[in-house]
Amino acid sequence: MTADLTPDRAASRQRSISASPLPAYRDEWEERLLADPELLADIAHAIGGPFHVLYPARVGALVDAFAAQFRHSGVDGAIYYGKKANKSAGVVRACARHGAGADVASTGELTSALAQGIRGRDLMVTGPAKSDELLWLATRHGALIAIDDPGEIDRLAAFGTAARVLLRILPPGSSSRFGLTEAEVESILLRTDPAPVRVEGFSFHLSGYDPIARSELAAALITRCTHARALGHPVTTLSIGGGFGVEYLSDAVWREFTAGQHPDWFHAGKTFDSYYPYHQRPAGPAALAAILDHGDLARALRANTLRLAIEPGRALLDRAGSTVFRVQGVKTRTAQSLPYQLLTVDGTSLSLSEQWFDSEFLPDPVLWPARSGTRTPAAVGAATCLESDMLSWRRIPLPRPAAVGDLLIYPNTAGYQMDSNESAFHDLPIPPKVLLSCGTGSDPARPPRLRWTLER
């Protein structure tokens, strides 16, 4: 701070190169982890590099919350965890324990889900032009197969074993490469060969997070379900895919950021065309409630004895995990004659995969340990030789200056962020996953302590 500036004037000038804080919502386990004076440091010492923290019990609670919405509406529902959102075996096991299935799109995902307790009949096999091996394994285990290519029907028939299928619909007006046209669907429904392929329903996927669009397309497809039944197909299921959204930030901080965002807030004047909607409502289980309530879709499903299937990924991982880096370098740079920190951490932006979408993961990381100090803007770079490898181009308003050895904990990264783009670039190790759980304490007056183990 220069001598001729009051604290208020200095703070106002600092805001010209740094947005206001974007603090993420936290679950109770995160509050306990950050408040523990030793646990994070102990884990960081044991790992010796960046790592991901997951709390599988949170996933189980979210499965239960989606299931509660189905019960409340009186609708027969099925939850298939979109496994591509996170590879953790602990997450899949939590889903199995709470009665959810899994949406898989490769033989690796299928066998991994089975290994963690998902039963074959609780698998939804998706993806385009599936391999023969994947289709064969799916039929052997009685999985439900979402057909995206008419040729898949012929290949399933060639196996000579029973196959349960949904026909994935190309939404009206969509240019997506996924899904079947109306003519392709009708051709499959009118087949008269004795192939042991059971059409058990229809599915679709929509981009974005609009619950009304999902509800209206589902309602329109009920007529298609009754038509297929009239042709003799045992249709029972309608799958609306995922897209239930996650609310990372409060409405107030998100509106302030989006209204005022400016290249001056970012290192090197970096700009992005779009961001994930870090504040949205309804989200998660509330979005399912909105889908079921709109146009009384729930009543229509009940009247036609149809099961509604959903395939949430990110929404089952909301506040279920964080990513931890150690600060290993600190530089001071200036923008508009104001100083800011340029940090280097011991990992890469491949662990914050929003860069994959040419965007930025915006919720503020937490600087740990918590100490008093002066708010200090900081951009965060990776431990690689790439100019573009930045974890945070945005100058984050840290509560104090960061120092070598501090930890930066990026919140709510379990959904797509922490391992969609993992790579051992530069021969750096891929960050391992640490699973947290509540242990049992000897003192009944104290809450159970957090315990950790490496996922292997």
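Select helix 4, residues 56-73, in this predicted model. Its buried residues are Pro56, Arg58, Val59, Gly60, Leu62, Val63, Phe66, Phe70 and Ser73. The helix has 18 residues and spans 27 Å from its first C-alpha to its last, close to the 26 Å expected at 1.5 Å a residue. Step just past the end of helix 4 to Gly74, where phi is positive, about 70 degrees.

Keep helix 4 displayed and add helix 12, residues 285-293. The two axes are 8 Å apart and the packing angle is about 25 degrees. Angles under 35 degrees count as roughly parallel, and helix 4 and helix 12 are therefore roughly parallel to each other. Their crossing is right-handed. To show the contact, pick Ala65, Phe66, Gln69, Phe70 and Ser73 on helix 4, then Pro285, Ala286, Leu288, Ala289 and Leu292 on helix 12. Sorted by class, this contact has eight nonpolar residues, two polar and no charged ones. Phe66, Phe70 and Ser73 are also among the buried residues of helix 4.

Now hide helix 12 and bring up helix 5, residues 89-97. Its axis comes within 8 Å of that of helix 4, and the two cross at roughly 35 degrees. This crossing is right-handed. The residues to select are Pro56, Val59, Gly60 and Val63 on helix 4, with Gly90, Val91, Ala94 and Cys95 on helix 5. Six of the contact residues are nonpolar and two are polar, with no charged residues.

Next come the backbone exceptions. Most residues other than glycine have a negative phi, and most peptide bonds are trans.

Go to the loop between helix 11 (251-260) and helix 12, which holds Pro282. The peptide bond joining Arg281 and Pro282 is cis, with omega about -5 degrees. A cis bond also joins Trp368 and Pro369, with omega about 5 degrees. Pro369 sits in the loop between strand 12 and strand 13 (376-381).

For positive phi outside glycine, select Arg319, where phi is near 60 degrees. Arg319 is in the loop between strand 9 (307-310) and strand 10 (321-335). Its relative accessibility is 18%, so Arg319 counts as buried, the cut-off being under 20%.

Finish in the loop between strand 11 (338-345) and strand 12 (366-368), at Ser359. Asp358 lies in this loop too and has a positive phi of about 55 degrees. Ser359 is buried, with a relative accessible area of 3%. Apart from neighbours within four places in sequence, Ser359 is in contact with Phe272, Ser274, Tyr275, Tyr276 and Glu354.

Notes: Residues numbered from 1 in each chain as written. Predicted model: local features only at pLDDT ≥ 70, side-chain atom pairs only at ≥ 80, totals over all residues. Heavy atoms only, no water. Helix = DSSP H or I, 4+ residues; strand = E, 2+ residues; numbered from the N terminus. Buried < 20%, exposed > 50% of the residue type's maximum accessible area, 1.4 Å probe, protein only. Contact = heavy atoms within 4.5 Å. Expected span 1.5 Å × (residues − 1). Axes fitted to C-alpha atoms, helices over the stretch in contact; angles between N-to-C directions. Parallel < 35°, antiparallel > 145°, perpendicular 65-115°, else oblique. Left-handed = near helix turned anticlockwise from the far one by under 90°. Nonpolar A, V, L, I, M, F, W, Y, C, P; charged D, E, K, R; others polar.
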